[in-house]
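The following questions and answers examine a structure through its strands, its ligand shells and some local features. Please consult the sequence and the model alongside each answer.

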Amino acid sequence: MAAPHVLIIGPPGAGKGTQSSNIASEYGVEHITTGDALRANKDMDISDMDTEHDTPRAYMEAGDLVPDAVVNAIVEEALTTADGFVLDGYPRNLDQAKELEGMTELDVILSLDVSREELIDRLTGRRVCDDCGTNYHVEFDQPEEEGVCDGCGGELIQRDDDEEESVKNRLDVFHEQTAPVIEYYEDRDDFVAIDGEQTPDEVWADIKATIDDHS
Ligand code: ADP
Ligand code: ADP
Ligand code: ZN
């Protein structure tokens with residue numbers, strides 16, 4: 001089987017990062033995530049792209065989208081070196097979706113559904129490893145030792161944009177800009193909706209069966 005081309009889409013907190021890690025290790029594909037790429041380059045100079053702010057940081061801390069030119073370039077570059085991939089966090093608006101069509105073909109689009117109330121609980125309780133980026137949750141996915149990453153021993157921190165105010169803005173941005181992308185994909189044969197409110201293992205079982213079916 002050729003390395004699959006997977007797109008995972010859903011609101012902030014739906015479990016995209018958690019499930020993308022499973023997909024990357026099970027299928028040996030690259031995890032391409034615009035969120036992580038931007039967090040690693042929060043202070044890069046984007047002023048030559050004619051943007052309102054000079055770095056990604058101001059957009060990200062408010063929970064607004066970073067300008068398309070910046071993220072399109074990140075994804076285009078990452079795709080040139082990836083054989084198979086799971087793409088997470090992109091596209092987030094219709095212009096990005098159209099841009100992606102010129103870059104690669106997809107085998108399957110996984111859309112994770114989770115209610116707004118559950119998303120707020122997941123995001124405000126999320127903790128991430130400052131070193132390796134692994135996700136934890138203060139209630140739903142605790143590390144063995146509080147505040148310490150099981151995998152690498154790094155420190156677990158709360159992202160700035162997981163504070164409640166920024167979380168609410170991100171959910172609004174999702175409804176305004178990203179929900180239309182899901183509607184745009186919905187009628188395709190390779191589109192599959194996944195119930196993201198199940199346990200992480202149950203969600204993973206559905207995802208694995210779906211990818212095996214489509215690649
Ligand atoms: P989430 O946990 O909400 O899925 P991400 O880690 O994917 O969050 O993204 C964090 C932030 O990075 C977003 O709120 C946004 O500011 C920026 N970002 C990530 N991907 C994109 C994208 N495709 N387009 C614009 N901004 C993006
Ligand atoms: P996204 O990348 O879509 O923003 P994450 O994978 O980072 O989402 O998950 C958000 C938070 O919810 C994390 O703290 C994670 O540990 C937790 N989480 C992920 N999947 C589930 C699940 N199925 N049930 C409960 N909590 C989950
Ligand atoms: Zn770690």
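A polar contact is a pair of N or O atoms within 3.5 Å; within protein, one must be able to donate a hydrogen and the other to accept it, and residues adjacent in sequence count only if both atoms are side-chain atoms. The model is predicted, so local features need pLDDT of at least 70 and side-chain atom pairs count only at pLDDT 80 or more, while totals for chains, interfaces and linings use all residues. Residues are numbered from 1 along each chain as its sequence is written, chains are lettered from A and ligands numbered from 1 in the order in which they are written, and side-chain values use heavy atoms, with hydrogens and water left out.

Q: How far does a polar side-chain atom of Arg170 lie from an oxygen atom of ligand 1?
A: Side chains supply several polar contacts to ligand 1, including one from Lys16, where an N or O atom is 3.0 Å from a ligand oxygen. Arg39 places a polar side-chain atom 2.9 Å from an oxygen atom of ligand 1. For Arg170, the corresponding distance to an oxygen atom of ligand 1 is 2.7 Å.

Q: What percentage of the area that ligand 1 exposes when taken alone does the protein bury?
A: Accessible areas come from the Shrake-Rupley method with a 1.4 Å probe; for residues, only the protein chains shown count as cover. Arg170 makes a polar side-chain approach of 2.7 Å to an oxygen atom of ligand 1. Taken alone, ligand 1 exposes 550 Å², and the share buried by the protein is 97%.

Q: Which helix gives the largest share of the shell around ligand 1?
A: The shell holds 19 residues, with Thr34, Arg39, Asp64, Gly89 and Arg170 the closest (a residue is near a molecule or strand if one of its heavy atoms lies within 4 Å of it). By class there are seven nonpolar, four polar and eight charged residues, where Ala, Val, Leu, Ile, Met, Phe, Trp, Tyr, Cys and Pro count as nonpolar, Asp, Glu, Lys and Arg as charged, and the others, Gly among them, as polar. Helices (H or I, at least four residues) and strands (E, at least two) are DSSP runs, numbered from the N terminus. The largest share, four residues, comes from helix α2 (residues 34-39).

Q: Which elements give two or more residues to the shell around ligand 2?
A: Of the 19 residues around ligand 2, Gly13, Gly17, Thr18, Arg126 and Tyr136 come nearest. An N or O atom in the side chain of Asn135 is 3.1 Å from an oxygen atom of ligand 2. On its own, ligand 2 has 560 Å² of accessible area, of which the protein covers 93%. The elements that contribute two or more residues are α1 (16-27) and β6.

Q: Why is strand β4 (residues 108-113) described as largely enclosed by the rest of the structure?
A: Strand β1 (residues 5-9) runs parallel to β4 and is joined to it by four bridges, while β4 and strand β8 (residues 191-195) pair in the parallel sense over five bridges; two strands pair if DSSP finds at least two bridges between them. Val6 stands opposite Val108 in β4, and Leu112 is opposite Ile194 in β8. Buried means under 20% relative accessible area, exposed over 50%, partly exposed in between (1.4 Å probe, protein chains only). The strand is largely enclosed because five of its six residues are buried.

Q: Which strands stand at the edges of the open sheet β6-β5-β7?
A: The three strands of this open sheet pair in the antiparallel sense, in the order β6-β5-β7. Each edge strand has a single partner, so one side of each is left without a neighbour in the sheet; these strands are β6 (135-137) and β7 (156-157).

Q: Is Tyr185 buried or exposed?
A: Tyr184 and Tyr185 form a tilted aromatic pair, 5.7 Å centre to centre with 50° between the planes; rings of Phe, Tyr and Trp (its six-membered ring) pair if their centres lie within 6.5 Å, and planes under 30 degrees apart count as stacked, over 60 as edge-to-face and the rest as tilted. Tyr184 has 34% relative accessibility and therefore counts as partly exposed. At 1% relative accessibility, Tyr185 counts as buried.

Q: Where is Pro91 found?
A: The peptide bond from Tyr90 to Pro91 is cis, with omega near 0°. Pro91 belongs to the loop between β3 (85-88) and α5 (94-101).
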